[in-house]
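Q: Please take a close look at one part of this model, its largest pocket, and describe what lines it. Please also relate the pocket to the elements around it and to the confidence of the prediction.

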Amino acid sequence: MHLTVRQITGLAVLIAFNIILGKISIGPIFASVNFGFIALVLAGYFYGVRLTALAAVLANLLAFTIMGKGSFSILFLLPAVLAGGVYGFLQKPTLTRIIVVNTVVVVGISFLLNTFLITYTNHLDFQSLLGARTIKMIVSLLVQITISYLLLSDSAITTLKKQLQLTK
């Protein structure tokens, strides 16, 4: 994989945004939504599957290294690489694709896979944690679909992609 300086710089900025926005959340604790996904949506749109998966893993590692609490588990890199790769399918966004991508990430990866990994690594009851995370999943899904659609249909973002010559 040959990366240009422009790609490395763009990915570095989006990784930094992911880390920063991941620390910002709204809503009550049981249904809070953080905004780290915005950087991955943009990375997916600009760079595709492979580079977005790489960016997601690097962001995950850096976020834990810089601001991490608790113990690190390499198992949590799996959801990061999967989510990054799935967001990469937003390189050619349509409303249907935006809905499907966000559903796979929020429901399949964040809700089911992350919940399983949390219960596995912390010896918790899967069903109990799943129930506790259901409202958060629903709220997150609606917010992420809405923001992703608004972001990727914005003319400034499409113009930026053309100006950066990120499309082939």
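A: The largest pocket of this predicted model has a volume of about 1,800 Å³. Its lining is made up of 46 residues, of which G22, N34, N60, F76 and N114 are the closest to the centre of the pocket. Two or more lining residues come from each of α1 (5–22), β2 (33–34), α2, α3, α4 and α5, and the largest share, nine residues, is given by α4. By residue class, the lining of the largest pocket divides into 25 nonpolar and 17 polar residues, together with four charged ones.

Among the elements that contribute to this lining is α2, whose course deserves a separate description. Helix α2 (residues 37–67) spans only 17 Å between its end C-alpha atoms, whereas a straight helix of 31 residues would span 45 Å at 1.5 Å a residue. A bend of about 135° is found in α2 at G48.

Two further lining elements, α4 and α5, are linked by a loop: H123 is found between α4 (95–122) and α5 (126–152). Although H123 is not a glycine, it has a positive phi of about 55°, and H123 is exposed, with a relative accessible area of 73%.

As for confidence, the mean pLDDT of the protein is 92, and 97% of its residues reach 70 or more. Confidence is highest in helix α3 (residues 77–87), at a mean of 97, and lowest in strand β1 (residues 25–26), at 88; α3 is also one of the elements that give two or more residues to the pocket lining.

Methods
Residues are numbered from 1 along each chain as its sequence is written. This is a predicted model: local features need pLDDT of at least 70, side-chain atom pairs count only at pLDDT 80 or more; totals for chains, interfaces and linings use all residues. Side-chain values use heavy atoms; hydrogens and water are left out. Helices (H or I, at least four residues) and strands (E, at least two) are DSSP runs, numbered from the N terminus. Buried means under 20% relative accessible area, exposed over 50%, partly exposed in between (1.4 Å probe, protein chains only). The expected span of a helix is 1.5 Å times one less than its number of residues. The bend at a residue is the angle between axes fitted to the seven residues ending there and the seven starting there. pLDDT is the predictor's confidence in each residue, from 0 to 100. On a 1 Å grid over the protein atoms alone, a cavity is a set of points where a 1.4 Å probe fits but cannot get out, and a pocket is an open set with protein on both sides within 12 Å along at least five of seven lines; lining residues have an atom within 4 Å of a point. Grid points are joined across faces, edges and corners, and a volume is the space filled by probe spheres set on the points. Ala, Val, Leu, Ile, Met, Phe, Trp, Tyr, Cys and Pro count as nonpolar, Asp, Glu, Lys and Arg as charged, and the others, Gly among them, as polar.
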